[in-house]
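Could you walk me through this structure in my viewer? I am new to it and would like to know what to select next and what is there.

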Amino acid sequence: MTDLAQLELDLINAIGAAESVAAIEEVRVAALGKTGTISALLKGMGAMSPDERRVQGPLLNGLRDRVTQAIAARKAELEDAELDARLLAERIDLTLPSRPRRKGGVHPTMQVMDELIAIFADMGFAVAEGPDIEDDFHNFTALNFPPKHPAREMHDTFFLKPDAETGERKVLRTHTSPVQVRTMLSQKPPIRIVAPGRTFRKDSDATHTPMFHQIEGLVIDRDIHMGHLKSTLQTVVARFFELDDVKARFRPHHFPFTEPSAEMDIRCDRSGGRLALNEGDDWLEILGCGMVHPNVLKNCGIDPDEYQGFAFGMGVDRLAMLKYGVPDLRPMFEADTRWLAHYGFSAFVAPNPASGLS
């Protein structure tokens with residue numbers, strides 16, 4: 001007759017000695033499997049007399065239950081230990097710098113876009129977006145461009161092939177102003193939005209590329225005047241360049257969609273091979289702006305006798321060049337990881353007015 005006490009002791013020792021889930025499974029099969037020691041004893045009860053079964057049955061069933069519980073408990077411990085070890089081995093510490101072979105980072109253009117959106121959001125502006133491919137109405141006609149305006153010519157604008165049914169030639173939008181038109185057509189004043197996005201023009205040199213980024217703004221409400229425009233832009237530019245104040249001037253200019261129109265310059269010093277803002281006797285053009293032309297308001301179904309507004313637009317890529325010392329615009333679009341490693345920004349630091357922009 002098998003010594004059940006010794007068998008239980010041996011199995012409990014084997015269970016405690018198991019160092020992995022696979023090892024504890026081997027102990028289970030050896031004890032409780034089809035050919036296991038305890039299973040064999042239970043099968044042998046059929047050859048016992050009724051009196052022997054009354055004595056041995058409870059003993060064998062108790063042994064099986066205790067061994068089963070011990071195996072389950074040990075297996076749970078080992079599974080928890082293996083999971084902890086796996087989580088520790090696969091853990092990623094996001095506070096550490098990226099591995100040397102990984103050259104990813106936030107592009108300066110996207111960094112500046114996020115910075116400007118954070119500034120405008122803090123001033124109560126919503127973000128609006130529109131398609132890159134536009135029709136003539138939204139890109140030109142609604143914005144008061146006359147039929148023979150140079151922007152409508154092939155040498156300035158990317159025209160697509162005529163539509164097979166209508167003959168209409170759509171364009172790659174030359175500015176994000178069509179987003180302003182779509183906003184005025186879809187909602188009633190008051191309106192306060194900025195429209196960031198890609199734009200396209202046939203131009204390429206150190207400060208121009210065929211595809212570039214703009215952010216434009218639009219405010220429509222009652223009793224809006226030029227003073228609101230100047231105050232808004234001076235505040236935005238000062239916050240963007242992280243200055244206490246900005247020394248600016250507004251020069252008369254011409255845009256078909258604003259009247260009066262102006263270009264905003266900020267005082268700068270270019271001596272010594274550097275660019276210093278708010279000092280010196282030179283001026284740097286920073287953006288274009290003006291009061292929304294009454295014809296634009298009429299084209300969008302807004303009564304110019306009841307509502308007025310201002311609009312402005314600035315090149316995001318050129319602002320990135322100014323703020324972060326990028327000498328040439330073209331490498332910004334060449335996808336060179338070495339360039340991005342030098343000028344890029346961490347993806348884990350989101351610009352906001354509270355903790356800082358850059």
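**Stop 1: helix α8**

Start by selecting helix α8 and colouring its buried residues: L229, T232, L233, V236, V237, A238 and F240. Keep in mind as you go that this is a predicted model.

Now show what surrounds those side chains. The buried residues of α8 pack against two helices, α5 (108–122) and α10 (316–324), and against the strands β6 (248–255), β7 (258–269), β9 (282–292) and β10 (308–315).

Next, try the distance tool on the two ends of α8, which covers residues 226–240. How far apart should the ends of a helix of 15 residues be, at 1.5 Å a residue? The expected span is 21 Å, because the rule multiplies 1.5 Å by one less than the number of residues. The end C-alpha atoms of α8 are 21 Å apart, which agrees with that value.

**Stop 2: T232, inside α8**

Stay in helix α8 and zoom in on T232. Is T232 buried or exposed? It counts as buried because its relative accessibility is 13%, and the cut-off for buried is under 20%.

Turn on the side chain of T232 and look for the backbone oxygen of H228: a polar atom of the T232 side chain lies 2.8 Å from that oxygen. Then add M123, F125 and F310 to the selection, since these are the residues in contact with T232 once neighbours within four places in sequence are left aside.

**Stop 3: E242, just after the helix**

Follow the chain out of α8 to E242, a residue with positive phi that comes after the helix. E242 sits in the loop between α8 and β6. Its phi is about 55°, although E242 is not a glycine. With a relative accessibility of 45%, E242 counts as partly exposed.

For another residue of this kind, jump to A335 in the loop between α10 and α11. A335 is also a residue other than glycine with a positive phi, near 55°. A335 counts as exposed, at 74% relative accessibility.

**Stop 4: N278 and its neighbours**

Select N278, in the loop between β8 (276–277) and β9. Although it is in a loop, N278 is buried, with a relative accessible area of 17%.

What does the side chain of N278 reach at 2.8 Å? Show the backbone of K247 and you will find the answer: its backbone nitrogen. To see the rest of the surroundings, add L243, D245, V246, R267 and C268, which N278 touches along with K247 when residues up to four places away in sequence are not counted.

**Stop 5: two cis peptide bonds**

Select P189 and P190 together. The peptide bond from P189 to P190 is cis, with omega near 5°. P190 lies in the loop between α7 (177–186) and β4 (191–200).

Then go to E259 and P260, where the peptide bond is again cis, with omega near 0°. This time the proline is in a strand: P260 belongs to β7, one of the elements that the buried residues of α8 pack against.

**Stop 6: E26 and T37**

Move to helix α2 (residues 21–32) and pick E26. E26 is exposed, with a relative accessible area of 59%. From there, draw a distance to T37: the two residues are 11 apart in sequence, and their C-alpha atoms are 13 Å apart in space.

T37 is in helix α3 (residues 37–43) and counts as partly exposed, at 37% relative accessibility. Which residues does T37 touch, not counting those up to four places away in sequence? Display L7, A30 and A31 to see them. You can also draw a line from T37 to L11, which is 26 residues away along the chain; their C-alpha atoms are separated by 9.9 Å.

**Last stop: a nonpolar patch on the surface**

Finish by switching to a surface view and colouring I92, L94 and F348. Together they make a nonpolar surface patch of about 390 Å². F348 comes from the segment after α11 (337–343). F348 counts as exposed because its relative accessibility is 62%, and the cut-off for exposed is over 50%.

Note on methods: Residues are numbered from 1 along each chain as its sequence is written. This is a predicted model: local features need pLDDT of at least 70, side-chain atom pairs count only at pLDDT 80 or more; totals for chains, interfaces and linings use all residues. Side-chain values use heavy atoms; hydrogens and water are left out. Patches are made of residues with over 30% relative accessible area and no salt bridge: like charges are joined within 9 Å, nonpolar side chains (Val, Leu, Ile, Met, Phe, Trp, Tyr) within 5 Å. Accessible areas come from the Shrake-Rupley method with a 1.4 Å probe; for residues, only the protein chains shown count as cover. A salt bridge is a side-chain nitrogen of Lys or Arg within 4 Å of a carboxyl oxygen of Asp or Glu. Helices (H or I, at least four residues) and strands (E, at least two) are DSSP runs, numbered from the N terminus. Buried means under 20% relative accessible area, exposed over 50%, partly exposed in between (1.4 Å probe, protein chains only). Contact means heavy atoms within 4.5 Å. A polar contact is a pair of N or O atoms within 3.5 Å; within protein, one must be able to donate a hydrogen and the other to accept it, and residues adjacent in sequence count only if both atoms are side-chain atoms.
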